[in-house]
Amino acid sequence: MVLLSFDIEEFDMPFEYKGEIPFEKQISISQTGLERILNILKKHNAKATFFSTVVFAENSKHLIERLLNEGHELASHTWFHSAFEEKHLKESRERLEELFSTKVTGLRMPRMMPVDEKEVEKAGYSYNSSINPTFLPGRYNNLKVSRTYFKEGNVVQVPASVSPNFRIPLFWLSFHNFPLSLYKKLASDTLKKDKYLNIYFHPWEFAEIKETAFKLPGFTVKNTGKDMVERFDSFVGWLKDKGHSFGTFQEFQKQIKG
């Protein structure tokens, strides 16, 4: 099974690089990208999981309703993308459920931040996908964490996929910066070894984000916008041609329990 997931959030990344972007533009850029993602998934009849902040969801109700109507899963990306308090774990889950009358069972922390697993369980989640089990300078060093899913208390941990050899991360930055042939090879190796693939992206990658005011470094904007639409469309088509199925995290959880 291929687990495609998207962290849908206010596009505040320019602030990390001392860039500027008004709030309305943070939302509109992510909305544009989300529409493009949903169109690609619909074309290939591929299901995915969307981890949303409450801020983005409250400002994009029509798009959240669309993704739910098209059979995708909604999960929590907490309340804000750049501010977190422990109470947001429970509050964000409850608010998303209230807004969209759907069961929210999964969590992904913004920027894969560490979180108290006991608090995650207390907040009512049954799975958490907030670990990238690799080494990324300045971000995280999770080389001792399991590459594949495991249980912690009553919560299933589903780390982002890394290659079987050397733990090369298969997250969004690799997809943009590696030759697509290399990325496909790593994805194939991982699927063969693990029997599933967990890769994540963001809607703003599918939008135009090369404005000078954002001050984003080249490696973050390479193959974004229309290039990303074409690249991702091609990749999903390739997975489909290889006979791989696409599922939500909730479906995956049922499968591993069975």
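The exercises below concern helix packing, strand pairing, single-residue environments and backbone angles in a predicted model.

**Exercise 1. Helices α1 and α9**

Task: Describe how α1 packs against α9, and state which residues meet.

Solution.
- Step 1. Two packed helices are described by the angle between their axes and the distance between the axes.
- Step 2. For α1 (residues 23-44) and α9 (residues 226-241), the angle is about 25° and the axes are 10 Å apart.
- Step 3. Angles under 35 degrees count as roughly parallel, so α1 is roughly parallel to α9.
- Step 4. The crossing of α1 and α9 is right-handed.
- Step 5. On the α1 side, the residues in contact are Arg-36, Ile-40, Leu-41, Lys-43 and His-44. On the α9 side they are Lys-226, Val-229, Phe-232, Asp-233, Val-236, Gly-237 and Lys-240.
- Step 6. Sorted by class, this contact of α1 with α9 has five nonpolar, two polar and five charged residues.

**Exercise 2. Helices α7 and α9**

Task: Repeat the analysis for α7 and α9, giving the angle at which they cross and the residues that meet.

Solution.
- Step 1. The axes of α7 and α9 cross at roughly 35° and come within 12 Å.
- Step 2. The crossing of α7 and α9 is right-handed.
- Step 3. From α7, the contact takes in Leu-180, Tyr-183, Lys-184, Ala-187, Ser-188 and Leu-191. These meet Arg-231, Ser-234, Phe-235, Trp-238 and Leu-239 of α9.
- Step 4. By class, the contact of α7 with α9 has seven nonpolar, two polar and two charged residues.

**Exercise 3. Leu-191 in α7**

Task: Determine whether Leu-191 is buried or exposed, and list what Leu-191 is in contact with beyond its neighbours in sequence.

Solution.
- Step 1. Leu-191 is placed in helix α7, which spans residues 180-194.
- Step 2. The relative accessibility of Leu-191 is 7%, so this residue counts as buried.
- Step 3. With neighbours within four places in sequence left aside, the contacts of Leu-191 are Met-1, Val-2, Tyr-196, Leu-197, Leu-239 and His-244. Among the α9 residues that meet α7 is Leu-239.
- Step 4. Leu-191 and Ile-8 are 183 residues apart along the chain, and their C-alpha atoms are separated by 25 Å.

**Exercise 4. Strands β1, β2 and β10**

Task: Work out how β1 pairs with β2 and with β10, and which way the residues of β2 and β10 point.

Solution.
- Step 1. β1 (residues 2-8) and β2 run parallel and are joined by five bridges. One bridge partner pair is Ile-8 with Ser-52 in β2.
- Step 2. β1 also pairs with β10 in the parallel sense, over five bridges. Here the partner of Leu-3 is Asn-198 in β10.
- Step 3. In a regular strand the side chains alternate between the two faces of the sheet.
- Step 4. In β2, Ala-48, Phe-50 and Ser-52 point one way, while Thr-49 and Phe-51 point the other way.
- Step 5. In β10, Leu-197, Ile-199 and Phe-201 point one way, and Asn-198 and Tyr-200 the other way.
- Step 6. Five of the five residues of β2 (residues 48-52) are buried, so this strand is largely enclosed by the rest of the structure. β10 (residues 197-201) is mostly covered, with five of its five residues buried.

**Exercise 5. Two further buried residues**

Task: Give the location, accessibility and contacts of Ile-64 and of Gln-253.

Solution.
- Step 1. Ile-64 is in helix α3 (residues 61-69). Its relative accessibility is 0%, so Ile-64 counts as buried.
- Step 2. Not counting residues up to four places away in sequence, Ile-64 touches Ile-8, Ser-52, Ala-57, Leu-74 and Phe-100. Ile-8 and Ser-52 are also the bridge partners from Exercise 4.
- Step 3. Gln-253 lies in helix α10 (residues 249-257). At 8% relative accessibility, Gln-253 is classed as buried.
- Step 4. Under the exclusion of residues up to four places away, Gln-253 touches Ser-126, Tyr-127 and Val-156.

**Exercise 6. Positive phi**

Task: Locate Ser-101 and Arg-111, and state their phi values and exposure.

Solution.
- Step 1. Most residues other than glycine have a negative phi.
- Step 2. Ser-101, not a glycine, has a positive phi near 50°. Ser-101 is in the loop between α4 (87-100) and β4 (106-107).
- Step 3. The relative accessibility of Ser-101 is 70%, so Ser-101 counts as exposed.
- Step 4. Arg-111 has a positive phi of about 55° and is not a glycine either. Arg-111 lies in the loop between β4 and α5 (117-122).
- Step 5. At 25% relative accessibility, Arg-111 counts as partly exposed.

Technical notes
Residues numbered from 1 in each chain as written. Predicted model: local features only at pLDDT ≥ 70, side-chain atom pairs only at ≥ 80, totals over all residues. Heavy atoms only, no water. Axes fitted to C-alpha atoms, helices over the stretch in contact; angles between N-to-C directions. Helix = DSSP H or I, 4+ residues; strand = E, 2+ residues; numbered from the N terminus. Parallel < 35°, antiparallel > 145°, perpendicular 65-115°, else oblique. Left-handed = near helix turned anticlockwise from the far one by under 90°. Contact = heavy atoms within 4.5 Å. Nonpolar A, V, L, I, M, F, W, Y, C, P; charged D, E, K, R; others polar. Buried < 20%, exposed > 50% of the residue type's maximum accessible area, 1.4 Å probe, protein only. Pairing = 2+ DSSP bridges.
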